[in-house]
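Here's a quick tour for anyone about to load this one into a viewer. We'll go from the overall fold down to a few individual residues.

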Amino acid sequence: MTSKQTRVGMGFDAHRFLPTKNGPSNKIMLCGVPVPSEYDVEANSDGDVGIHALVDALLGSIAAGDIGMHFTPNDSQWAKAKSEIFLKYALKMVQQKGGEIVNIDITIIGERPRVFPHRENMRKMLSELLTLDIDRVSVKATTTEKMGFTGRKEGIAAQAIVSVLV
């Protein structure tokens, strides 16, 4: 009988901001939650940087490549697709390898939108999507102190790290 090993995966994603056509009622997706934003994101899918980074981390933990290998960015079938589809796919791949998620940690990087008011909803959403105890789900945010593309409010980014028993 072989014992399981802990494997770690890391992911990163970034999307450019675009002027919104929806005015003050505009929302962008972050970790599966619609968050009010003065911008739209340029993306083929719904542009959820938190989930995209998490998908890359999950795929990385089982050495299965990245999100673009499984969901080609230029493929029209993924236009405006919910990122939850990608997350469920990555979770299934981890489970097919006999893997079990130990914990996830996501950092949203950008000056806007403010994450803190939505953080608990994001944790709850990810907990439900992954059927993972909420105490194993961390979502936090940081700015880049007005430096770089996120600091200039040109876009938003996220990084994620996961621990998986395989």
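## Fold and overall shape

From one end of the sequence to the other, the elements run β-β-β-β-α-α-α-β-α-β-α-β. That comes to 5 helices and 7 strands. Keep in mind that this is a predicted model.

With 166 residues, the globule rule gives a radius of gyration of 15 Å, and the chain comes out close to that at 16 Å, so it is as compact as a globular protein of that length. Along the principal axes, the C-alpha atoms fill a box of roughly 60 × 35 × 25 Å. As for burial, 45% of the 166 residues count as buried.

## Helix α1, well wrapped

Helix α1 covers residues 49-61. Its 13 residues, at 1.5 Å each, should span 18 Å, and the end C-alpha atoms are indeed 18 Å apart, so the expected and actual spans agree. The helix is also largely enclosed by the rest of the structure, because 12 of its 13 residues are buried. The buried set includes aliphatic names such as Val49, Ile51 and Leu54, but His52, Asp56 and Ser61 are in it too.

What caps the N-terminal end of α1? That job goes to aspartate 48, which has a side-chain oxygen 3.2 Å from the backbone nitrogen of glycine 50.

## The largest pocket

The largest pocket holds about 250 Å³ of space. Its lining is made of 13 residues, and those nearest the centre are His15, Ser45, His52, Phe71 and Pro73. His52 is also one of the buried residues of α1. Two elements, β1 (6-19) and α2 (67-70), each supply at least two residues of the lining.

If you're thinking about the chemistry of that lining, the split is 6 nonpolar, 6 polar and 1 charged.

## Backbone oddities

Alanine 63 comes just after α1, in the loop between α1 and α2. Although it is not a glycine, alanine 63 has a positive phi of about 55°. It is exposed, with a relative accessible area of 60%.

Glutamate 145 is another non-glycine residue with a positive phi, near 55°. This one sits in the loop between β6 (137-142) and α5, and it is exposed as well, at 63% relative accessible area.

Which form does the peptide bond from arginine 112 to proline 113 take, cis or trans? It is cis, with omega near -10°. Proline 113 belongs to the loop between β5 (100-109) and α4 (119-130).

## Two more residues to click on

Threonine 150 is part of helix α5 (residues 148-151). Its relative accessible area is 4%, so it falls in the buried class, for which the cut-off is under 20%. Its side chain makes a polar contact of 2.9 Å with the side chain of threonine 144.

Glutamate 42 is in the loop between β4 (39-41) and α1. It counts as partly exposed, with a relative accessible area of 41%. To get a feel for distances across the model, pick its C-alpha atom and that of serine 3: the two residues are 39 apart along the chain, and the atoms are separated by 44 Å.

Methods
Residues are numbered from 1 along each chain as its sequence is written. This is a predicted model: local features need pLDDT of at least 70, side-chain atom pairs count only at pLDDT 80 or more; totals for chains, interfaces and linings use all residues. Side-chain values use heavy atoms; hydrogens and water are left out. On a 1 Å grid over the protein atoms alone, a cavity is a set of points where a 1.4 Å probe fits but cannot get out, and a pocket is an open set with protein on both sides within 12 Å along at least five of seven lines; lining residues have an atom within 4 Å of a point. Grid points are joined across faces, edges and corners, and a volume is the space filled by probe spheres set on the points. Helices (H or I, at least four residues) and strands (E, at least two) are DSSP runs, numbered from the N terminus. Ala, Val, Leu, Ile, Met, Phe, Trp, Tyr, Cys and Pro count as nonpolar, Asp, Glu, Lys and Arg as charged, and the others, Gly among them, as polar. The expected span of a helix is 1.5 Å times one less than its number of residues. Buried means under 20% relative accessible area, exposed over 50%, partly exposed in between (1.4 Å probe, protein chains only). A polar contact is a pair of N or O atoms within 3.5 Å; within protein, one must be able to donate a hydrogen and the other to accept it, and residues adjacent in sequence count only if both atoms are side-chain atoms. The radius of gyration is taken over C-alpha atoms; the globule rule is 2.2 Å times the number of residues to the power 0.38.
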